[in-house]
Amino acid sequence: MRVFVLTGAGVSAESGLGTFRDADGIWARFDPMKLATPEAFATDPAMVHAFYNLRRRNVIDASPNEAHAAIAKLARHGDLFLCTQNIDDLHERAGSPSVHHMHGELLISRCAFCGARTEQFGDLTTDDPCAACGRLGALRPDVVWFGETPFDLAAIEAAAVQADLFVSIGTSGGVYPAAGLVRLARHHGVRTAEINLEPSQIAGAFDKRRYGPASIEVARFVAGLIG
Ligand code: OAD
């Protein structure tokens with residue numbers, strides 16, 4: 001069975017990484033238009049770096065939870081296409097071998113001048129040189145900001161429509177094109193399931209729904225699929 005899994009911030013919530021749209025979420029405390037757009041970076045790159053530096057340190061300090069582990073178990077068992085909106089590396093650290101980061105990765109920097117991508121574990125500043133071209137001040141986190149196109153979208157959409165089962169985990173369904181994948185998959189006859197703390201904004205698009213903490217519900221779901 002080909003399984004397509006889409007994860008969002010809820011899968012990493014129990015690892016201590018904040019979600020975005022919950023009452024105490026990241027976008028309740030910070031204005032995304034001032035921190036997560038190309039215009040924000042052009043206006044105040046130091047402030048944008050400070051925001052992502054803090055988030056990078058949080059990711060490095062976090063550990064995968066039972067939900068990441070269950071998804072890695074599913075990956076070892078068979079045909080899994082794992083797509084995440086998360087910019088952390090917790091799926092990889094839990095053992096998932098292939099992760100499609102549609103919103104990019106925080107532990108990679110990208111040179112806006114030459115496009116080179118480099119592992120980034122430390123803080124980024126506006127003075128850092130690019131390791132490839134030497135240009136100063138052109139490095140940015142390799143993440144997708146509002147107004148930018150998600151990575152790998154054609155491959156992600158192709159995998160979603162070819163799956164036998166589409167599973168959405170820990171996402172509010174508020175950000176497109178990720179939130180549109182379930183309807184695309186359904187349109188092609190794919191069975192769909194949602195696992196979330198509460199019904200998402202697009203809960204009606206799922207055939208099956210399970211509500212509760214991802215660490216418990218994803219582990220149960222995977223056990224039900226593969227025994
Ligand atoms: P959201 O913060 O919008 O939604 C997180 C979802 O996870 C909510 O529906 C919560 O109810 C649920 N949740 C919280 N804790 C959970 C738990 N322990 N177990 C299961 N579910 C839980 O995050 P995303 O949907 O991932 O994009 O947000 C999508 C995109 O919006 C992000 O990738 C980011 C953000 O702006 C960019 O920065 C481009």
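This is a short walk through the structure, one selection at a time. Keep in mind that you are looking at a predicted model.

**Stop 1: the two domains**

Start by colouring the protein chain by domain. The assignment gives domain 1 as 1-17 + 64-103 + 151-227, and domain 2 as 18-61 + 105-143. With both coloured, place a centroid on the C-alpha atoms of each domain: the two centres are 25 Å apart. Then show the contacts across the boundary, where 16 residues of domain 1 meet 17 residues of domain 2.

**Stop 2: the ligand**

Now select the ligand and the residues around it. Where does the ligand lie with respect to domain 1 and domain 2? Both domains contribute residues to its shell, so the ligand sits between them. The shell holds 24 residues, and the closest are Ala9, Phe20, Arg21, Thr171 and Ser172. Sorted by character, the shell has ten nonpolar, ten polar and four charged residues.

Next, turn on the backbone atoms and look at the oxygen atoms of the ligand:

- At Phe20, a polar backbone atom is 2.6 Å from a ligand oxygen.
- At Ala9, a backbone N or O atom lies 2.8 Å from an oxygen of the ligand.
- At Gln85, a backbone N or O atom is found 3.2 Å from a ligand oxygen.

If you add a surface here, compare the ligand with and without its surroundings: on its own it exposes 790 Å², and the protein buries 95% of that.

**Stop 3: His68**

Select His68 next, in helix α6 (residues 66-77). Its relative accessible area is 0%, so His68 counts as buried. Show its side chain and follow two polar contacts. One joins the side chains of His68 and Ser12 at 3.2 Å; in the other, the His68 side chain reaches the backbone nitrogen of Asn65 at 3.1 Å. Beyond its sequence neighbours within four places, His68 is in contact with Val11, Ser12, Ser15, Leu90, His91 and Ala94.

**Stop 4: Asp89 and Phe41**

Move on to Asp89, in the loop between β2 (79-84) and α7 (90-94). Is Asp89 buried or exposed? Its relative accessibility is 16%, and since the cut-off for buried is under 20%, Asp89 counts as buried. Setting aside residues up to four places away in sequence, Asp89 touches Val59 and Leu107.

From there, travel to Phe41, a residue of helix α4 (residues 38-43). Draw a C-alpha to C-alpha distance between Phe41 and Asp89 and you get 23 Å, for a separation of 48 residues in sequence. Phe41 is also buried, with a relative accessible area of 13%. Select what surrounds it: leaving out residues up to four places away, Phe41 touches Val48, His49, Leu139, Arg140 and Trp145.

**Stop 5: two backbone details**

Finish with the backbone. Zoom in on Asp152, which sits in the loop between β6 (139-143) and α8 (153-162). Its phi is positive, about 65 degrees, although Asp152 is not a glycine. Asp152 is partly exposed, at a relative accessible area of 43%.

Then select Tyr176 and Pro177. What kind of peptide bond joins Tyr176 and Pro177? The bond is cis, with omega at about 15 degrees. Pro177 belongs to the loop between β7 (165-169) and α9 (181-187).

Conventions:
Residues numbered from 1 in each chain as written. Predicted model: local features only at pLDDT ≥ 70, side-chain atom pairs only at ≥ 80, totals over all residues. Heavy atoms only, no water. Helix = DSSP H or I, 4+ residues; strand = E, 2+ residues; numbered from the N terminus. Buried < 20%, exposed > 50% of the residue type's maximum accessible area, 1.4 Å probe, protein only. Contact = heavy atoms within 4.5 Å. Near = heavy atom within 4 Å. Polar contact = N/O pair within 3.5 Å; in protein donor to acceptor, adjacent residues only side chain to side chain. Areas by Shrake-Rupley, 256 points an atom, 1.4 Å probe, with all protein chains shown as cover. Nonpolar A, V, L, I, M, F, W, Y, C, P; charged D, E, K, R; others polar. Domains from an automatic or database assignment.
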